[in-house]
Amino acid sequence: MRILQLHCDSIEYTPTKKEIKIAEDIENTELQRLEEVVVAFVAIEDGDDSSVAQDAISQIKNSMEKIGCKKLLLYPYAHLSSNLAKPSTAMTLLSEMETNASELEVSHSPFGWTKSYKIQVKGHPLAESSKVVTKDSTDSKDEEITSEALKGESKIRSYWKIMSPDGTMTNIADFDFSNHKNLEILAKYESAKQRSVDEPPPHVALMKKMAIADYEPASDSGNMRFYPNGRLIKSLIERYVTDRVKDYGGYEVETPIMYDSEHPSMVSYFNRFPARQYNIDSEGKKLFLRFAACFGQFLMANQYQMSYKNLPYKLYELTRYSFRREQSGELVGLRRLRAFTMPDCHAFCKDMDQAVDEIMLRFELSQSVLHELGIDESDYDMAIRFTEDFYNENKSAIKELVKKQGRPVLVEMWKEKFFYFVLKWEFNFIDNLGKASALSTDQIDVENADRYGIEFVDENNNKQHPIILHNSPSGAIERIIYALLEKAAKDSKEGKKPQFPLWLAPTQVRVIPLKEEFNDFCESLTDKISVNNVRVDIDDRNESIGKRIREAEKEWIRYILVIGEKEVNSENLNIRDRKTGDVKELSFGDFLNEINKQTKGKPFTGLNLPKHLSKRPQLMV
RNA sequence: GCUUCGGUAGCUCAGUCUGGUAGAGCGUUACAUUGGUAAUGUAAAGGUCACGGGUUCAGAUCCCGUUCGAAGCUCCA
């Protein structure tokens, strides 16, 4: 028996005429319409019997339970097989299947009739499946009709281990996680897929409360709006990551955000991955929005005349945005988006030795970038994945990476290469709910240079395809903000004051005049401070001093300067430091030094809000 | 995408079970207050109870659908 099973929004069919003599007698030849239904196109084959029918219907019931649908239409469909059973047998078995599915709302379309039909199939991964049930098939073959990638992904055979910094590998079950709680979460998360949470992630409330980002209902899900505070933070992180990649040797480029899916180099790449992109039809072209910077940079590199002497050569782009049409149920706050900002740096290397050398540099770059962004080593754990072949040929390189991490890492070893890369590592941030999400990552790609026709000329004047590394030193910028907010929430939960690194704080210094008569003094003081690249504002509202301090605290502002009689007549400043909660007296110069020490080496941009709080609309409370 | 839960004033939320005049705090506005390091006082304005349909004499409340969000499943190039 062959079955094509489709989970449908709707199906309409109209019996038009009897095809065979013994066709079922029916009274109603009008159009039938069913909604929210699983349609099983069934071909009964020679040799099928009652046991096959039972097996088949139980498989159907099984998968319907999984997708949560209770309505079934059995649709006799001869065209699935060239070895059909006799119509009489077929009718008997079909009605047996229908009887055995009585707990469902089951019906069938008439047997032996020519029917016209119109069908609307749902888009989810389990919506379509085909089944072959035979007398001797002991186990069910439940094959999903979807992209090659999804098929392959479920077939990937892999082994999960923990590798210690000394290079020894241990089975996950045998590893002592007592000092590595987050790694345990990551290991369980990845390999066993165990999760149990029942509350929204804290960064979602914080991103709104701090007026950073919010959902935009008028857009698609997962496309966020960033308020002035959020844009300032995001733009500073973007600039910092870009500066660091340029220091490392990446050359910044800009490439289109949409591509023609029928361009020859896209076709084969596309077929390797599930179709989760945004599609746009324009003047007969089928365009899709990029989900990474790869295409643009590869198509560009294709034009380069490269010699081995030029390698390694690195291209970099900060994609604003990359688009992935993730399943709606997977989107969460700033953690998982459909439009996100991704720094993406590709290094073209002449051979595996050079690629391995390069990956070490980028590993250190990624570690350092995260650290400087305010994400500590203890906040993330590393996973490394590679093919068995790559492991056997490059053991020492893998061990060196793990050693650089200095702590045990999660290892996934693939029996064979399925993706385009032979090695991939990533740093996974573990949030307050025990969710892991990848930040930095790098890959060794051995396929795409060929696919995109990227070549260099080697020492012997032969053309070769370079090995390509794909590194994002920070991961998505939105995800960095998510990590910083989750860290702040954790501090808050532990009774510590939440805060941003000073260089990212929307306001670094707040000046509060005690009375209106000190306003002029405050103006000139803030001018003096802001010319030194410090974001300073004035709370000139007619509110009590206590309230204005409280609100500055709630905005996580690090330094508060209350200006009264005493300050106006003093050389020094009285500074309330949120970190300690104390008020200290410093000279103007010492104060600036204290700030500069903390923001050294980081980009700066001016206040992104009105300087006077009296002029500032309130976004959130 | 599936299952479950949720959407009430700008924000946080009560009211929904048991249908009958829509509530509080914060914020906003006005007036008074000129303050010394986490909430000054008084008053006022502010709601299509997410949207659409149904049941009912009557719907924020009950039913159906849609939409947005969250959790779980699945997934993450």
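# Salt bridges, surface and backbone in chain A

Trainee: In the salt bridge of Lys234 with Glu238, how far apart are the closest N and O atoms?
Mentor: Lys234 pairs with Glu238 in a salt bridge. The term stands for a side-chain nitrogen of Lys or Arg within 4 Å of a carboxyl oxygen of Asp or Glu. Here the closest N and O atoms are apart by 3.0 Å.

Trainee: What pLDDT do side-chain atom pairs need in this model?
Mentor: Residues are numbered from 1 along each chain as its sequence is written, while chains are lettered from A and ligands numbered from 1 in the order in which they are written. The model is predicted, and side-chain values use heavy atoms, with hydrogens and water left out; totals for chains, interfaces and linings use all residues, local features need pLDDT of at least 70, and side-chain atom pairs count only at pLDDT 80 or more.

Trainee: Which helix holds both Lys234 and Glu238?
Mentor: Helices here are DSSP runs of H or I with at least four residues, strands are runs of E with at least two, and both are numbered from the N terminus. Lys234 and Glu238 sit 4 residues apart, about one turn of the helix. Both belong to residues 228-248, helix 6.

Trainee: Are Lys234 and Glu238 buried or exposed?
Mentor: Relative accessible area decides: buried means under 20%, exposed over 50%, and partly exposed in between, with a 1.4 Å probe and protein chains only. By that rule, Lys234 and Glu238 are both buried.

Trainee: How many residues apart in sequence are the parts tied together by Lys234 and Glu478?
Mentor: The side chains of Lys234 and Glu478 form a salt bridge at 3.8 Å, N to O. Lys234 is in helix 6 and Glu478 in helix 13 (residues 477-493), so the pair ties together parts whose separation in sequence, in residues, is 244.

Trainee: Which residue is the salt-bridge partner of Lys463?
Mentor: Lys463 is exposed, because its relative accessible area is 63%. The partner is partly exposed, at 32%. The two side chains meet at 3.9 Å, N to O, and the partner is Glu455.

Trainee: Which residues are joined into one network by salt bridges that share partners?
Mentor: Lys234 bridges to Glu238 and also to Glu478. Through shared partners, one network joins Arg231, Lys234, Glu238, Arg320 and Glu478.

Trainee: How many salt bridges are there by this rule?
Mentor: The Lys234 pair with Glu238 is one of them. The Lys463 pair with Glu455 is another. By this rule, the number of salt bridges comes to 45.

Trainee: Which residue of the negative surface patch lies in helix 11?
Mentor: Patch residues have over 30% relative accessible area and no salt bridge; like charges are joined within 9 Å, and nonpolar side chains (Val, Leu, Ile, Met, Phe, Trp, Tyr) within 5 Å. Lys and Arg count as positive and Asp and Glu as negative, with His and the chain ends not counted. The patch is made by Asp351, Asp353, Asp357 and Glu400. At 39% relative accessibility, and so partly exposed, the residue in helix 11 (residues 395-405) is Glu400.

Trainee: Which side chain makes a polar contact with the side chain of His346?
Mentor: His346 lies in strand 18 (residues 339-349) and is buried because its relative accessibility is 0%. A polar contact is a pair of N or O atoms within 3.5 Å; within protein, one must be able to donate a hydrogen and the other to accept it, and residues adjacent in sequence count only if both atoms are side-chain atoms. At 2.5 Å, the contact is with Gln297.

Trainee: Which residue follows Arg320 across a cis peptide bond?
Mentor: Most peptide bonds are trans. The bond from Leu311 to Pro312 is cis, with omega near 0 degrees, and Pro312 is in the loop between strand 16 (306-307) and strand 17 (313-323). A further cis bond has omega of about 10 degrees and joins Arg320 to Tyr321.

Trainee: What is the phi of Asn533?
Mentor: Most residues other than glycine have a negative phi. Ala211, in the loop between helix 5 (202-209) and strand 10, has a positive phi near 55 degrees. Asn533 is in the loop between helix 14 (519-530) and strand 27 (536-538). Its phi is also positive, near 60 degrees.

Trainee: What share of the residues in chain A is buried?
Mentor: Chain A has 17 helices and 30 strands. Its C-alpha trace spans about 110 × 70 × 55 Å along the principal axes. Of the 621 residues, the buried share is 50%.

How values were computed:
Areas by Shrake-Rupley, 256 points an atom, 1.4 Å probe, with all protein chains shown as cover. Charge placed at Lys NZ, Arg CZ, Asp CG, Glu CD.
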